[in-house]
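Dear colleague,

I am handing over the structure below, and I would be grateful if you could look through it alongside the notes that come after.

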Amino acid sequence: MFSKLETRFGVPGVISIVALIFAMVGGAYAASTSEGGGAAASKAKRGPTGPRGKAGPPGPQGPQGLAGIAGAVGSPGAKGTTGPAGSTGTTGPAGSTGPAGPAGSTGATGPTGPEGPLVTQLPSQKSLTGFWGARSSGPSSETGATVSFAFPVSPAPTLYYQVEAGFAFYRTPAPTPEENVSFGLLEEEQFEEHCPGSVADPKADAGAFCVYAAEEEEMSFSFEGILTENIPTTHGMELPLFKASIAGEPSHANGTWAVTGP
């Protein structure tokens, strides 16, 4: 019994209960043995209340109470301000180039186009260039160098030949309506107006056939030959040359030429 009380109220609590029981039993016994019996005792005045004793030690903790009812859900709070934008990260390094893919197949060959028009003469403002030369060791004083145009030049061009420093000779294919002669001498400036090139870079103005002499060893341009039958044609001409020595010594002349379509 005492173990149950001790478990519920603790040692101090048990002691307090035992003391209370003895006090009650003693008081009842004293009342029954006092003079005058129990009736008289019951009529006696109650004495003053004694001083309050010290508070006993706290009792043991009681069992946990039931969980309370959940409170109502609160209203959503106001939306916060938007934070600042984050900084852009740095660009990473470029990746390595991948391997080359296989070569594609070759496409089919397209059809052959139509044949272009046949060039029958040198187009206007287009030029032809070439080399000329002559060599002789015989006794004859007259010789020549043949120049042939790859494409006909129509009408036939005018010949310009620089005979010596500062002068040149010209020869037209035929007399012009304005002049009675078709040949004559020109000064160097007049020659350059029609022939603005050189031996290394022969050039000719439109309608001109320009002959540039590189070497003239005992051989030069023949005036007599050009005055008779050697005239420029649409296909070329033979340049008349004069051999200065007829004693059998070698002689030669060479150079370049240019002709431009009119």
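What follows is a short account of the two sheets and of a charged patch.

The model is predicted, so that local features need pLDDT of at least 70 and side-chain atom pairs count only at pLDDT 80 or more, while totals for chains, interfaces and linings use all residues. Residues are numbered from 1 along each chain as its sequence is written, and side-chain values use heavy atoms, with hydrogens and water left out.

One open sheet is built from 6 strands in the order E1-E9-E6-E3-E4-E5, with mixed pairing; strands here are DSSP runs (E, at least two residues; helices are H or I, at least four), numbered from the N terminus, and two of them pair if DSSP finds at least two bridges between them. Strand E1 (127-136) and strand E5 (183-187) each have a single partner strand, so one side of each is left without a neighbour in the sheet. Strand E4 (residues 167-171) pairs with E5 in the antiparallel sense over 5 bridges, and Ala168 stands opposite Leu186 in E5.

The other open sheet has 3 strands in the order E2-E8-E7, paired antiparallel, and its edge strands, E2 (142-148) and E7 (219-221), each pair on one side only. E2 is joined to the antiparallel strand E8 (residues 236-243) by 7 bridges, and Thr146 stands opposite Glu238 in E8.

As for the charged patch, helix H3 (residues 188-194) contributes its largest share, 4 residues, and the patch is negative; Glu189 lies in this helix H3.

Best regards
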